[in-house]
Structure formats: C-alpha cells, structure tokens
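Here are my notes on the model you sent round. I have put them as numbered points so you can check each one against the coordinates.

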Amino acid sequence: MSTQRSRLLPWLAGLLLSAAIGFVPTRAATLPAAVNGQPMPSLAPMLQRVTPAVVNISTKTRVQVRDAYFDDPMVRQFFGLPAAPRERVEQSLGSGVIVDAAQGYVLTNNHVVGGADDISVTLQDGRTVKGKLIGTDPDTDVAVVQIPADHLQALPLADSTRLQVGDYVVAVGDPFGLGQTVTAGIVSALGRSGLGDTGYQNFIQTDASINPGNSGGALVNLRGELVGINTMIFSPSGGNVGIGFAIPSAITSNVMQQLLAHGKVQRGSLGVQTQAITPRIARLLSLKDDNGVVVTGVSDGSAAAHAGLQPGDVLTTLNGKPLRSEQELRNAEGLLPVGSAVQLGVLRDGHARQVSATLAVEKLASADGGQLDPRLSGVRFSELSDRQRSAGIYGVAISAVQPGSRAARAGLTTDDVLIGVGNQRITSLRMLRGLAGVKPRQLVLVVADADGSRYVMVN
C-alpha cells in the first residue's frame with residue numbers, strides 16, 4: 001500500500017462513519033439559543049444596566065524633568081539657567097464608576113487621577129466632560145471625581161463583606177484604551193494583602209480579566225451591584241494571567257464619604273512604632289519563635305500609652321487573630337474606623353496578657369512655613385507619622401502646599417519629605433524651627449519622595 005493510500009483510507013473511513021450517523025461537519029460550533037424550550041442564561045440584561053455607569057477617564061499631568069546635574073542650584077547659576085524646572089506632559093487612561101447620578105460622583109483609583117492637571121471623562125453615550133477632582137486617598141488607592149452632566153446612571157453599592165470565594169463577578173472597564181470591555185470570572189480569594197510595602201490592603205482577588213486601563217473600573221456581582229473597584233494585577237508579563245485585585249466596596253464607600261465630608265481621610269492610630277521580630281531579636285527577648293511584632297516606641301498621649309503598652313512589648317494577636325507582620329497591624333489601623341476598640345495579645349517579660357485600646361486620630365505637631373521664612377509662605381510642615389517612622393523615614397512631612405506659592409512654583413509638593421535645608425540635615429520639626437532665624441540668600445531645600453531625593457531652590 002502506498003503512502004498516499006494509507007493517508008486516504010482513514011479519511012474515507014471517517015467520512016463514511018459521519019454519513020452513517022447523520023453527522024454533517026460544520027465550520028464553527030455555537031451555543032444554541034434555547035435548550036428544551038428554555039432560553040440559555042445570559043449576562044446581557046444585567047450588563048445593560050451596569051455599563052452606562054462605567055466611564056473612561058483620560059488625564060494629562062505636567063511633571064518636572066529632573067536631572068541630577070542640572071538640578072543643582074550652583075550649576076544652574078553658573079550656566080545662567082532659569083530657576084523654573086523643565087516640564088513634560090504625561091497622559092494616561094483608566095476607568096471609573098458613577099456611584100451618585102444626582103451629584104455626578106465617580107469612584108476611581110488614585111493612581112488614575114492623582115496629581116493630574118486635566119481630567120476628561122467619557123460616558124458610554126459618547127459625551128466627554130471635564131472632571132473635577134474631589135479628593136484622593138493614596139493609601140487605599142481610591143479617588144472621587146465629580147462630573148457636570150445630566151441623565152447619568154449610577155451603580156448601587158453591595159456589601160462586599162458578604163462576598164464568598166467562588167461567587168461569580170464581572171469586571172467592566174477600558175483595557176488598553178480599546179473601549180468598554182466586559183470580562184467574567186469568580187472571586188478567587190478574599191483579604192489579600194502584602195502586595196507592596198505601602199498602603200492599606202484588603203483586596204478581592206478575581207480571575208476575571210483585568211488589564212492596563214481597567215484600573216478604576218467596576219467589579220460587580222450578578223445582580224449588577226458594585227462589589228469592588230478594580231485596581232491592580234499580578235503578572236510577570238504585564239498582561240492578565242488570571243490574578244487581578246479589586247478594592248472592596250466596603251472600603252471605597254467609607255473612603256468616599258470621608259473625602260466628600262472632609263476632603264481627606266482620617267485614620268485611627270495606636271501611636272506605636274514597631275519592628276518585625278528577627279531571630280536575633282527573638283533571642284534577646286527570650287522568645288520561643290518570631291511570631292508577632294515588637295514595640296520600639298510609644299507616642300505620648302496616644303491610644304497605646306493610655307492602654308499601658310511599653311517599648312519591648314511583643315504584640316502577638318489582633319482581635320483574636322495571630323498578628324504575623326507590621327503590615328497586618330498597619331492594615332488594622334488604616335482600615336478600621338476611628339474610635340474602634342481593638343484587643344491586643346501582649347507578651348511582656350514572658351507573661352501573656354490581653355490589652356484593649358481605642359483607635360484615635362493621630363495628632364501631629366505642625367508649623368506654618370511662612371513663620372520660618374517668608375519664601376515658604378503657603379507651606380505647612382508636620383511631624384512624620386508613626387507609620388513613616390516605623391518605615392525608617394526621617395525628616396519633616398510637607399502636609400500642604402498652596403497652589404501658586406513660591407514653593408509650589410519651585411516644585412515642592414505634598415508628597416515630599418523635607419530632609420535638609422542647605423547643608424543642614426533635618427530630622428524633626430523642632431530642628432526646622434531652630435533654623436527660623438537663619439535667612440540664607442538662597443533657600444535650598446533637600447526633599448525626598450518615592451523616586452529619591454532632589455534639591456528644590458525657592459526664590
């Protein structure tokens with residue numbers, strides 16, 4: 001038998017078998033519209049109510065072009081360069097969710113709109129309007145934008161605390177700028193945290209496809225209620241691999257209410273600085289293992305001080321659950337409302353005890369920059385928070401910068417931490433006040449942010 005015949009006979013046999021059972025090959029298989037007279041289930045009716053509430057957000061941000069050499073004020077003076085820093089315009093795309101149709105409030109991510117100079121919001125019907133930033137909370141990555149438009153449709157908020165692993169969810173957003181896109185999946189996990197070194201985290205994990213541009217979009221249940229705001233993905237390639245995260249609606253709702261009422265989020269604090277327990281610290285404290293966190297400092301007048309906590313105490317449990325890291329303690333402080341009572345398991349000198357403390361607003365001393373130097377008018381300085389000090393940060397926080405002020409024009413922002421004035425290192429607000437009588441001809445500040453340190457010359 002030739003090779004050609006050996007290939008032909010199985011094909012003919014298959015064709016004859018198909019004819020015998022009445023099978024006619026088709027080019028593509030599709031789901032039937034109905035089975036036994038019953039229509040197939042579809043998400044379309046629910047999505048018709050949901051998708052008009054999901055918007056596209058595009059932003060433009062003017063950012064300074066930094067150069068380690070030409071940012072030096074002495075180099076600028078030598079070459080006769082202008083004091084104003086160079087700028088470039090960055091553009092980004094994201095998504096948002098209308099949650100109040102009457103007021104035009106849109107929930108989205110801080111990393112979508114935070115720091116933007118221009119916000120454009122495009123509705124599903126094609127209208128594009130300018131958005132007004134109401135407030136942002138970088139620690140939870142939540143922001144609220146208001147749009148001046150009528151005939152809006154909003155999504156109702158569900159109680160995300162009732163979600164269970166395995167519940168079906170649908171993600172709606174604008175991935176890669178392609179236009180509104182819908183993906184479906186399930187809740188893969190709840191209470192995810194530890195995804196980075198900063199922020200308060202209690203994420204919903206889902207395998208519904210979330211890609212760049214989906215940030216700020218809606219995660220809804222099968223009733224079309226908002227259960228979360230899509231915020232990030234875990235991916236070695238940069239694309240979706242089935243591990244996406246959303247901020248629960250219970251958190252976004254609380255943050256939004258505070259932003260609308262106060263323009264910022266007030267968080268409770270125990271008033272402690274802590275450190276992870278290493279094997280060496282465990283030996284020094286005669287601990288059996290490295291579970292928990294050790295208290296390294298207690299702020300005067302804080303909730304921890306009133307509860308009797310002391311440096312050297314080991315916090316082992318939080319509200320009855322094992323406390324495994326500093327991140328878990330920071331999450332509890334950041335996500336629980338001010339005034340919440342927490343139960344702490346404490347180990348002191350080998351003896352275990354239970355301590356109750358009430359989270360209070362952290363009180364940070366502050367100073368008006370105009371009283372230190374007229375060129376710093378419009379700047380507000382404050383002491384670093386316990387969380388910042390626990391992270392090893394030193395200096396003085398810049399808590400407010402008035403738009404249009406000298407400092408703002410020079411490039412100072414509220415994300416900065418002042419670590420030096422000229423060649424003088426600054427580690428506290430008291431040190432900064434001590435320089436109030438010194439009026440240098442050139443006011444050179446050394447500030448640090450997430451990208452590193454830089455010089456800012458205020459004329």
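1. Start with the loop between β8 (132–137) and β9 (142–146), which is where Asp141 sits. This is a predicted model, so take the backbone angles here as computed values. Asp141 is not a glycine, yet its phi is positive, at about 65 degrees. Most residues other than glycine have a negative phi. Is Asp141 buried or exposed? With a relative accessibility of 14%, Asp141 falls under the 20% cut-off and therefore counts as buried.

2. His151 makes a good companion case. It lies in the loop between β9 and β10, and it too is a non-glycine residue with a positive phi, of about 55 degrees. The surroundings are another matter: His151 has 73% relative accessibility, so it counts as exposed. I'd look at both residues when you go over the backbone.

3. Now the overall picture. The protein has 459 residues, and 42% of them count as buried. I count on the assignment of 12 helices and 30 strands. Among contacts with a separation of 6 or more, 59% are between residues 24 or more positions apart. The exposed surface comes to about 24700 Å², with carbon and sulfur atoms supplying 53% of it.

4. The piece I'd show in a figure is the barrel. It is closed, has six strands in the order β10-β11-β12-β15-β14-β13, and its pairing is antiparallel. From one strand to the next the twist averages 45 degrees.

5. How do β10 and β13 meet? Strand β10 (residues 168–173) pairs with strand β13 (residues 218–220) in the antiparallel sense, over three bridges. Val172 is the residue that stands opposite Ala218 in β13. Helix α5 packs on the sheet, where it touches β14 (226–233) and β15 (244–248), and its direction makes about 50 degrees with that of β15.

6. Strand β12 (residues 203–206) deserves a closer look. Phe203 and Gln205 point one way from it, Ile204 and Thr206 point the other way, and all are buried. On one side, three bridges join β12 to strand β11 (residues 181–192), antiparallel; there Val187 stands opposite Thr206. β12 is also joined to β15 by three bridges, again antiparallel, and in that pairing Thr206 stands opposite Gly244.

7. Back to helix α5 (residues 249–262). Its 14 residues reach 20 Å from the first C-alpha to the last, close to the 20 Å expected at 1.5 Å a residue. Which of its residues are buried? They are Ser249, Ile251, Thr252, Ser253, Val255, Met256, Gln258 and Leu259. After the helix comes Gly263, with a positive phi near 80 degrees.

8. Last, the packing. The largest nonpolar core has 41 residues, of which Ile57, Leu107, Val121, Ile147, Leu155, Val220 and Leu226 touch the most other members. Apart from it lies another core, of 21 residues, including Val396, Ala407, Val421 and Leu432. As for Ile147, leaving out residues up to four places away in sequence, its contacts are Gln103, Gly104, Val106, Val121, Leu123, Val129, Lys130, Gly131 and Leu152.

Technical notes
Residues numbered from 1 in each chain as written. Predicted model: local features only at pLDDT ≥ 70, side-chain atom pairs only at ≥ 80, totals over all residues. Heavy atoms only, no water. Helix = DSSP H or I, 4+ residues; strand = E, 2+ residues; numbered from the N terminus. Expected span 1.5 Å × (residues − 1). Buried < 20%, exposed > 50% of the residue type's maximum accessible area, 1.4 Å probe, protein only. Core = buried A, V, L, I, M, F, W, Y, C linked by side-chain atoms within 4.5 Å. Contact = heavy atoms within 4.5 Å. Areas by Shrake-Rupley, 256 points an atom, 1.4 Å probe, with all protein chains shown as cover. Pairing = 2+ DSSP bridges. Axes fitted to C-alpha atoms, helices over the stretch in contact; angles between N-to-C directions.
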